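Please load the model in a viewer and keep the selection panel at hand. The tour proceeds from one selection to the next and describes what each one shows.

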Amino acid sequence: MRLTIVGGGIAGLSAAYYASITNYYSQITILESDSRWGGKISTDRVTFDDGQFIIEGGPDTFLASKPWGVALCKELGLGERLHGTNPNNKSTFVLNHNRLLPLPEGLAMMIPSDIPSILRSRLISWVGKARMGFDFLQPAKNISEDESLGAFVSRRLGREAYENLIEPLMSGIYAGDGDQLSLMSTFPYLRDLEVKHGSLARGAIEMRKKMNASARAKHASPLQGSRSAFLTPTTGLAEIVEALVAHLQSHNVELRLNTRVTAITRNVERGTWNVTLDTESLETDALILATPAPVSGKLLSFDEELSSTLQSIPYASTATVSLAYRQADLPQPLNGYGYVIPRREGRKALAGTWTSTKFPHRAPDGYALIRVFIGRAGQDIPWNKDDLLAIAKEEVKLTSGITAEPMISRVFIWEGAMPQYNLGHPEKLKQIDSALEKYPSLALAGNGYRGIGIPDCIHSGELAVEKIKNLMSLRGAFVATKQSLN
Ligand SMILES: Cc1cc2nc3c(=O)[nH]c(=O)nc-3n(C[C@H](O)[C@H](O)[C@H](O)COP(=O)(O)OP(=O)(O)OC[C@H]3O[C@@H](n4cnc5c(N)ncnc54)[C@H](O)[C@@H]3O)c2cc1C
């Protein structure tokens with residue numbers, strides 16, 4: 001069985017990896033339009049003054065609690081190279097009327113579970129805090145349909161808590177608009193907490209107890225920083241991409257960069273797929289599209305319904321700007337991991353990460369590295385490097401008082417990078433799944449569907465490989481049985 005994978009981001013590379021470790025596929029080819037592997041994973045290693053800056057242009061860490069990231073790293077021999085975030089100096093802030101105010105302690109999966117800490121917080125007024133208390137009193141709403149994240153959290157905790165505290169944490173992950181994001185597709189566990197505990201805060205308190213117990217149990221684990229919620233390899237996430245590519249090369253997978261797929265058609269008689277490239281065409285038995293959903297939609301134009309559903313999944317554009325300074329040029333030390341910015345502050349930036357505090361090994365001694373995350377769904381920002389750099393400098397001046405010129409700056413522009421799981425997304429997934437039933441040798445992977453984080457994308461690649469293998473083996477068995485009966 002010849003398998004072709006389109007897209008060499010983490011989802012496509014993971015699909016190729018899982019395909020390569022089964023004996024099912026006789027030939028595996030992965031096609032990537034760009035001149036490098038990794039897609040949104042892009043690490044710049046800048047040697048400076050006997051040390052190195054590790055500058056992440058896209059993702060900078062992955063969630064440890066979703067098992068697929070850690071599992072793949074261990075299989076690739078990177079288990080010992082995974083670092084957690086700095087266990088000291090963990091403060092995180094929220095921008096509130098141009099001041100950085102500390103995030104209350106005791107958030108469990110972003111929901112407040114430490115009441116005294118909420119009562120002390122200056123992020124929410126006393127009226128807002130009283131409204132949050134209603135969460136303990138109002139019963140779970142008896143509805144089965146989806147709600148927006150904004151509507152759900154505002155209903156439970158009040159609009160002020162949503163806008164000042166929860167929105168920047170949750171919507172920020174998607175660079176999305178919480179009043180559009182589907183609760184069921186983004187944070188379905190929140191609805192479970194409501195139903196099970198009758199209150200988000202009560203559910204969060206229970207969840208925190210469990211998380212503390214599991215962190216204690218993991219204490220003896222050999223992974224560095226294993227108690228950290230987030231992990232990353234020592235010299236950046238590109239280590240995962242590099243290890244995947246090395247594995248694929250040693251397993252005779254055909255790896256083709258600078259190879260854009262322009263069309264896909266079905267060869268119904270032969271039961272195969274024709275993959276059109278700029279100057280040639282390939283025939284393959286099975287196909288995994290690990291490209292952004294709208295790209296996959298355009299490529300699958302032979303099925304109008306599937307194609308239009310895929311193209312209807314919206315993506316937001318974002319950018320990151322990393323700035324390096326001498327510690328001596330900072331008016332004050334960067335005490336914490338950084339800050340998030342609520343949408344209602346009306347700023348172009350979404351968050352600022354004090355990278356050299358969060359991951360001290362990412363800057364040489366005596367230097368500081370800051371990353372500003374810019375752009376969110378529905379917000380227009382300039383998409384050129386000079387303007388983005390100017391926005392980032394203005395941001396660090398406002399929040400950290402830094403006026404010195406950065407010694408190093410790097411701007412990464414990610415157009416159409418962040419899928420928006422808006423209201424209606426679960427129905428789109430059902431339509432896509434049902435359309436795909438017609439094509440057992442075709443699967444989709446990547447961030448457009450059931451999770452945008454790196455572990456979810458890795459898992460999507462693994463599932464795509466399994467789906468094709470299972471369905472095609474079943475079909476093979478069926479054809480063999482039919483032939484033997486004839
Ligand atoms: C700025 C930023 C910060 C993020 N932070 C985090 C984080 O900290 N942690 C986390 O877990 N996640 C984070 N994410 C999300 C995560 O990085 C992405 O969801 C994930 O990397 C997407 O992987 P993918 O393989 O699905 O898609 P992509 O990485 O987009 O890969 C798709 C590939 O397909 C290729 N392609 C497209 N069209 C064609 C074609 N016609 N022919 C051939 N190839 C084609 C593209 O060039 C690309 O390489 C972040 C994302 C961004 C943009």
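Begin with two domains of this predicted model. The C-alpha centres of domain 2 and domain 3 are separated by 26 Å. To display them, select residues 43-87 together with 315-419 for domain 2, and residues 103-218 for domain 3. The assignment also gives a domain 1, built from the segments 2-39, 239-313 and 422-485.

Next, turn to the boundary between domain 2 and domain 3. Here 14 residues of domain 2 are in contact with 11 residues of domain 3. On the domain 2 side, the elements that contribute two or more residues are strand S17 (315-326) and strand S19 (349-353). The residues on this side of domain 2 comprise eight nonpolar, three polar and three charged.

Within the range of domain 3, select residues 149-157, which form helix H5. Is this helix largely enclosed or largely open to the outside? Seven of its nine residues are buried, so H5 is largely enclosed by the rest of the structure. Colour the buried positions to see them: Leu149, Gly150, Phe152, Val153, Ser154, Arg156 and Leu157. Then move to Gly158, which follows H5 and has a positive phi, near 100°.

Add helix H6, residues 159-174, to the selection. H5 and H6 pack with their axes 9 Å apart and at an angle of about 140°. This angle makes H5 oblique to H6; the cut-off matters here, because only angles over 145 degrees count as roughly antiparallel. The crossing of the two helices is right-handed. To show the contact, display Leu149, Gly150, Val153, Ser154 and Leu157 on H5, and Arg159, Ala161, Tyr162, Ile166, Glu167, Met170 and Ser171 on H6. By class, the residues of this contact are seven nonpolar, three polar and two charged.

A second helix pair lies in the sequence ranges of domain 1. Select helix H1 (residues 10-20) and helix H16 (residues 454-485), whose axes are 7 Å apart at an angle of about 45°. H1 and H16 are therefore oblique to each other, and H1 crosses H16 in a right-handed manner. From H1, the contact takes in Ile10, Ala11, Gly12, Ser14, Ala15, Tyr18 and Ala19. From H16, it takes in Ile454, Cys457, Ile458, Ser460, Gly461, Glu462, Ala464 and Val465. The residues of this contact divide into 10 nonpolar, four polar and one charged. When inspecting the side chains along either helix, it is useful to recall a general point. An α-helix has 3.6 residues a turn, so residues three or four places apart point the same way.

The last stops concern backbone geometry. Most residues other than glycine have a negative phi. Which value does Asn98 show for phi? Its phi is positive, near 70°. Asn98 sits in the loop that joins strand S7 (92-96) and strand S8 (99-102). With 9 other C-beta atoms within 10 Å, Asn98 is exposed.

Finally, centre the view on Met109, another residue other than glycine with a positive phi, in this case near 45°. Met109 lies in the loop between strand S9 (107-108) and strand S10 (111-112). Is Met109 buried, exposed or partly exposed? It counts as partly exposed, with 18 C-beta neighbours inside 10 Å; a buried residue would need 20 or more.

Notes:
Residues are numbered from 1 along each chain as its sequence is written. This is a predicted model: local features need pLDDT of at least 70, side-chain atom pairs count only at pLDDT 80 or more; totals for chains, interfaces and linings use all residues. A residue is buried if 20 or more other C-beta atoms lie within 10 Å of its own, exposed if 12 or fewer, and partly exposed in between; C-beta atoms are placed from the backbone. Helices (H or I, at least four residues) and strands (E, at least two) are DSSP runs, numbered from the N terminus. Axes are lines fitted to C-alpha atoms, for helices over the stretch in contact, and angles run from 0 to 180 degrees between N-to-C directions. Angles under 35 degrees count as roughly parallel, over 145 as roughly antiparallel, 65 to 115 as roughly perpendicular and the rest as oblique. A crossing is left-handed if the near helix is turned anticlockwise from the far one by less than a right angle, and right-handed if clockwise. Two residues are in contact if their C-beta atoms, placed from the backbone, lie within 7 Å. Ala, Val, Leu, Ile, Met, Phe, Trp, Tyr, Cys and Pro count as nonpolar, Asp, Glu, Lys and Arg as charged, and the others, Gly among them, as polar. Domain bounds come from an automatic or database domain assignment.
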